[in-house]
Amino acid sequence: MRLGLSTPIVVQVPGIASPWEATAGPEDLTRIARAADELGFDHLTCADHVGVPAAAATVRGATYWDPLATLSYLAAHTTRIRLATSVLVLGYHHPLALAKSYGTLDRLSNGRVVLGVGVGSLAEEFALLGAAWEDRGALADAALTRLRRAWGRREVEDFVVEPHAVRTTVPIWVGGRTRRSLRRAVTLGTGWVPFGLKADQIAELLATVTVPEGFDIVLSPGAPLDPQGDEADSLRRLTALRDAGATHLTCTVRANDAGHYCEQLAALRELVDRELL
């Protein structure tokens, strides 16, 4: 089971983000990403929203740094940790444009890109971008198929795509909370990233499919952990995810500032290594 980081600062969801993140900047972000890299975390994440409807911002948050710009910046400040979109909304992007832009990032980072993708759930944002809301599931499936065929290839559909990713395969984690999203992940992806579900609900859904060998199940506690202040609670929540079938954990921690955040990451790393691996 691998330990990853739900990157603070770049996504600020009410109830999860700490107050200090509102005024944090690139130096704080770099410090945390480097700490996670040095501690052996598997991946860090960045989400994909161009604009959040004002009526939804109180629940979803309003701060979403651009994933391509952010992950490119973090690639230059780290050496090993993987760079995961969590998640790209497929309907907002042309699949060949994704193969070019994130393929370039894959080359710049020496093969560290993980593509987390999803169907999307904000009708207002689809309208803002002129993207098709109706049949978005079927359209996402078609885009994902096309993206997989294009990834890491120089010639695609009679066009040269240069530069491109360093290999023709890429981890693709499909987001969602439904049985359909899980089926999409099993048939078109290499992993599943559910959200908003309890551990027992995740286990029930996983029991309905035959999980392929090597398939990634990327789970999150859903709330910040406090490994220094409440180790027992952190361990309980992480153990429940492991028992539900997690192969990867994507966690965030409570902190007072960037320095404290790094200390909490070290404590989380030690806890997972000691009790769960």
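**Charged side chains, paired and unpaired**

Glutamate 155 counts as exposed, at 59% relative accessibility. That's a handy way into this predicted model, since glutamate 155 has a partner right beside it in the chain: arginine 154 forms a salt bridge with glutamate 155, and their closest N and O atoms are 3.8 Å apart. With a cut-off of 4 Å, that pair makes the list.

Arginine 154 is partly exposed, with a relative accessible area of 43%, and it has another salt bridge to show, this time with glutamate 162, where the closest N and O atoms sit 3.3 Å apart. Glutamate 162 is partly exposed too, at 39% relative accessibility.

Now hop over to helix 10, which covers residues 258-275. Here glutamate 270 and arginine 274 form a salt bridge, with 2.8 Å between the closest N and O atoms. The two are four residues apart in the helix, so about one helical turn separates them. Both are partly exposed: glutamate 270 at 40% and arginine 274 at 38%. Salt bridges with shared partners tie this pair into one network with Glu231 and Glu275. Across the whole structure, the search turns up 13 salt bridges.

So what about a charged residue that's left out? Take aspartate 216, in strand 11 (residues 216-219). Aspartate 216 is buried and has no salt bridge; arginine 82, the nearest side chain of opposite charge, is 5.2 Å away, and a salt bridge needs the atoms within 4 Å. What the aspartate 216 side chain does have is a polar contact with the side chain of tryptophan 173, at 3.0 Å. Its contacts farther along the sequence also include Thr190, Gly191, Trp192, Thr247 and His248.

Conventions
Residues are numbered from 1 along each chain as its sequence is written. This is a predicted model: local features need pLDDT of at least 70, side-chain atom pairs count only at pLDDT 80 or more; totals for chains, interfaces and linings use all residues. Side-chain values use heavy atoms; hydrogens and water are left out. Buried means under 20% relative accessible area, exposed over 50%, partly exposed in between (1.4 Å probe, protein chains only). Lys and Arg count as positive and Asp and Glu as negative; His and the chain ends are not counted. A polar contact is a pair of N or O atoms within 3.5 Å; within protein, one must be able to donate a hydrogen and the other to accept it, and residues adjacent in sequence count only if both atoms are side-chain atoms. Contact means heavy atoms within 4.5 Å. Lists of a residue's contacts leave out its neighbours within four places in sequence.
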